[in-house]
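Work through the exercises below with the sequence and the model open side by side. Each task is followed by a solution in steps.

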Amino acid sequence: MKETETIHFKIPDDLKKCIEFHGHLCPGLVYGYLVAKAAMDLLKIKRSRDEEVVAISENDSCAVDALQILLGTSTGKGNLILKDYGKNVYTVLNRSNRKAYRFSRKKHYQYEGESKDEFFQLDAAVSSGTATEKEKRRHKMLKAADLLSKPFHDIFSTAEADCVMPSYAPLARSKACAACGEMTMSSKMVETENGTLLCIPCAS
Ligand SMILES: [Zn+2]
Ligand SMILES: [Zn+2]
């Protein structure tokens, strides 16, 4: 296998930013990148400073990092919600015009790039668990490049969704846990039978 062969494709500047943050280029990051771009277009949004844009990801994979960089959604701001369902599905909401779109990856991914023979060999090695780290990286690169060359609607189906607003990040006063003494957001504490408040680790 020719491992030194290069792939000829141009990485857009905004994708470069995502790669810088994420650490590598991979198919997962490209999924997130494509979804974020489509959402920005459909919802007429720019990177979110506050919480007007909300992203709900139904997986906790590499894709999420591209949503953070391009949409400005983050768990710290409370406008990135991760649902660990293992699904390649994303919903992006715009609070200001109350619109939302849900993006779901279509079945049957098919490699259509220039290095078909190489891709199928690598794909077989990856599926059978015999691929080396270098081969795995090459497989990811080829798939990422191929995904970037396809039209969005070949990869994801897009549907308008109900703009059901997740509540803003709640602010609650902190209280000291009765067992460990550490300050804990009171809305996250567990009340015992005798009325004392415990943090979740102490209560479980
Ligand atoms: Zn990745
Ligand atoms: Zn505690």
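**Exercise 1. Find the contacts of Lys99 beyond residues up to four places away in sequence, and state where Lys99 sits.**

Step 1. Contact means heavy atoms within 4.5 Å. With residues up to four places away in sequence set aside, Lys99 touches Leu43, Val92, Leu93, Asn94, Glu160 and Cys163.

Step 2. Lys99 lies in strand β4; helices (H or I, at least four residues) and strands (E, at least two) are DSSP runs, numbered from the N terminus.

Step 3. Ala161 is 62 residues from Lys99 along the chain, yet their C-alpha atoms are separated by 7.5 Å.

Step 4. Is Lys99 buried, partly exposed or exposed? Buried means under 20% relative accessible area, exposed over 50%, and partly exposed in between (1.4 Å probe, protein chains only). Lys99 has a relative accessible area of 33%, so it is partly exposed.

A note on the model: this is a predicted model, in which local features need pLDDT of at least 70 and side-chain atom pairs count only at pLDDT 80 or more, while totals for chains, interfaces and linings use all residues. Residues are numbered from 1 along each chain as its sequence is written, chains are lettered from A and ligands numbered from 1 in the order in which they are written, and side-chain values use heavy atoms, with hydrogens and water left out.

**Exercise 2. Do the same for Phe156.**

Step 1. Phe156 belongs to strand β5, residues 156–161.

Step 2. Its relative accessibility is 1%, so Phe156 counts as buried.

Step 3. Not counting residues up to four places away in sequence, Phe156 touches Tyr31, Val35, Asn88, Tyr90, Phe103, Ser104, Arg105 and Lys106.

Step 4. Between the C-alpha atoms of Phe156 and Arg102, which are 54 residues apart along the chain, the separation is 9.6 Å.

**Exercise 3. Identify the residues that touch the most other members of the largest nonpolar core, and the elements that supply this core.**

Step 1. A nonpolar core is a set of buried Ala, Val, Leu, Ile, Met, Phe, Trp, Tyr and Cys residues joined through side-chain atoms within 4.5 Å. The largest one has 34 residues, and Cys18, Val92 and Phe103 touch the most other members.

Step 2. At least two residues of this core come from each of α1 (13–22), α2 (27–43), β1 (53–57), α3 (63–71), β3 (89–94), β4 (99–105) and α5 (133–149). Helix α2 gives the largest share, 10 residues.

Step 3. Leaving aside neighbours within four places in sequence, Cys18 is in contact with Leu29, Tyr33, Ala66, Ile69 and Leu70.

Step 4. A second, separate core has 5 residues, among them Val54, Leu93, Ala100 and Cys163.

**Exercise 4. Explain why α3 is largely enclosed by the rest of the structure.**

Step 1. Of the 9 residues of α3, 9 are buried, so the helix is largely enclosed. They include Asp65 and Gln68.

Step 2. The buried residues of α3 pack against α1, α2, β1, β2 (80–82) and β3.

Step 3. Gly72 follows α3, and its phi is positive, near 75 degrees.

**Exercise 5. Describe the chain as a whole.**

Step 1. The chain has 7 helices and 9 strands.

Step 2. Along its principal axes, the C-alpha trace spans about 70 × 45 × 30 Å.

Step 3. Of its 204 residues, 40% count as buried.

Step 4. Among contacts between residues at least 6 apart in sequence, 64% join residues at least 24 apart.
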